[in-house]
Amino acid sequence: MTQLSQMAASGQTTLMQSTGNPRLDLSFGMMLANMANTFAVRPGFAFYNDGNRPNALALRDSYLPNTQGTVLLGRGMLFEQARRSANGDIPLIVICAHEFGHIVQYANNCHERLNRGQKTVKRTELHADFLAGYFLGSSNAQFKIVGNSSSVVRIILPH
Ligand SMILES: [Zn+2]
């Protein structure tokens with residue numbers, strides 16, 4: 001059990017289901033529903049206070065009702081990525097898809113198989129990255145240039 005999951009279980013960490021911005025919440029909801037459908041998993045999703053250590057993580061345990069595992073995105077990570085607008089929404093989508101990839105690993109018992117005999121978690125991390133790439137490639141995401149700068153890209157996911 002990770003330190004955060006212990007904290008979540010004991011109520012020491014508050015899990016928030018809103019970014020505080022209704023429009024952003026709607027975008028997240030659409031993106032997460034798309035990921036859930038693509039990966040055929042139903043993890044709970046919440047934000048938590050990651051302090052000065054921006055992070056996102058996937059937990060095997062479910063902390064929200066009727067869910068399968070839990071994906072947590074630190075508010076620090078959310079706002080840091082939002083501030084770095086040069087790459088638009090892509091980093092946040094990739095981060096969330098990577099964590100969904102870990103939920104897929106847990107749900108299919110491949111987390112253990114990938115880790116077996118390994119000294120590091122490199123294999124499971126690369127596999128989660130692979131699944132995140134699969135999501136981007138399969139979601140028919142449209143990459144749209146916003147504004148005058150060609151470096152600002154927004155992803156419009158199909159509804
Ligand atoms: Zn990971």
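**Notes on a three-stranded sheet and its helices**

1. Start with the sheet: it is open, has 3 strands in the order 1-3-2, and its pairing is mixed. Strand 1 and strand 2 are at the edges with a single partner strand each, so one side of each has no neighbour in the sheet. From one strand to the next, the twist averages 20°. Keep in mind that this is a predicted model.

2. Now the pairing itself. Strands of a sheet pair through backbone hydrogen bonds, in either a parallel or an antiparallel sense. Here, strand 1 and strand 3 are paired in the parallel sense, over 5 bridges. If you want a spot to look at, take Phe-47, whose bridge partner in strand 3 is Leu-73.

3. Two helices to look at next. Helix 3 packs on the sheet and touches strand 1, strand 2 and strand 3, with its direction at about 55° to that of strand 3. Helix 4 also packs on the sheet, where it touches strand 2 and strand 3, and its direction makes about 20° with that of strand 2.

4. Which residues of helix 3 (residues 75-83) are buried? They are Met-77, Leu-78 and Gln-81. These residues sit on the same side of helix 3 because they cover an arc of only 100° around the axis. Phe-79 and Arg-83, on the other side of helix 3, are exposed. As for what the buried residues of helix 3 pack against, it is strand 1 (44-48), strand 2 (56-59), strand 3 (70-74) and helix 4 (90-107).

5. On to the core. In soluble globular proteins, nonpolar side chains tend to be buried together. The largest nonpolar core in this model has 27 residues, and Val-71, Leu-73, Cys-96, Ala-97 and Phe-100 have the most contacts inside it. Two or more residues each come from helix 2 (22-39), strand 1, strand 2, strand 3, helix 3, helix 4 and helix 6 (122-138). Helix 4 gives the most, with 8 residues.

6. Leu-73 deserves a second look. Setting aside neighbours within four places in sequence, Leu-73 is in contact with Phe-47, Ala-56, Leu-78 and Cys-96. Phe-47 is also its bridge partner, and Leu-78 is one of the buried residues of helix 3.

7. Last, a word on confidence. The protein has an average pLDDT of 81, and 77% of the residues score at least 70. Over residues 143-159, though, the pLDDT is below 50, and this stretch has 33 contacts in the model beyond near neighbours in sequence. Where pLDDT is low, the predicted coordinates should not be read in detail.

Key:
Residues are numbered from 1 along each chain as its sequence is written. This is a predicted model: local features need pLDDT of at least 70, side-chain atom pairs count only at pLDDT 80 or more; totals for chains, interfaces and linings use all residues. A residue is buried if 20 or more other C-beta atoms lie within 10 Å of its own, exposed if 12 or fewer, and partly exposed in between; C-beta atoms are placed from the backbone. Helices (H or I, at least four residues) and strands (E, at least two) are DSSP runs, numbered from the N terminus. The arc is that of the directions from the helix axis to the C-beta atoms. Two residues are in contact if their C-beta atoms, placed from the backbone, lie within 7 Å. Two strands pair if DSSP finds at least two bridges between them. Axes are lines fitted to C-alpha atoms, for helices over the stretch in contact, and angles run from 0 to 180 degrees between N-to-C directions. A nonpolar core is a set of buried Ala, Val, Leu, Ile, Met, Phe, Trp, Tyr and Cys residues joined through C-beta atoms within 7 Å. pLDDT is the predictor's confidence in each residue, from 0 to 100.
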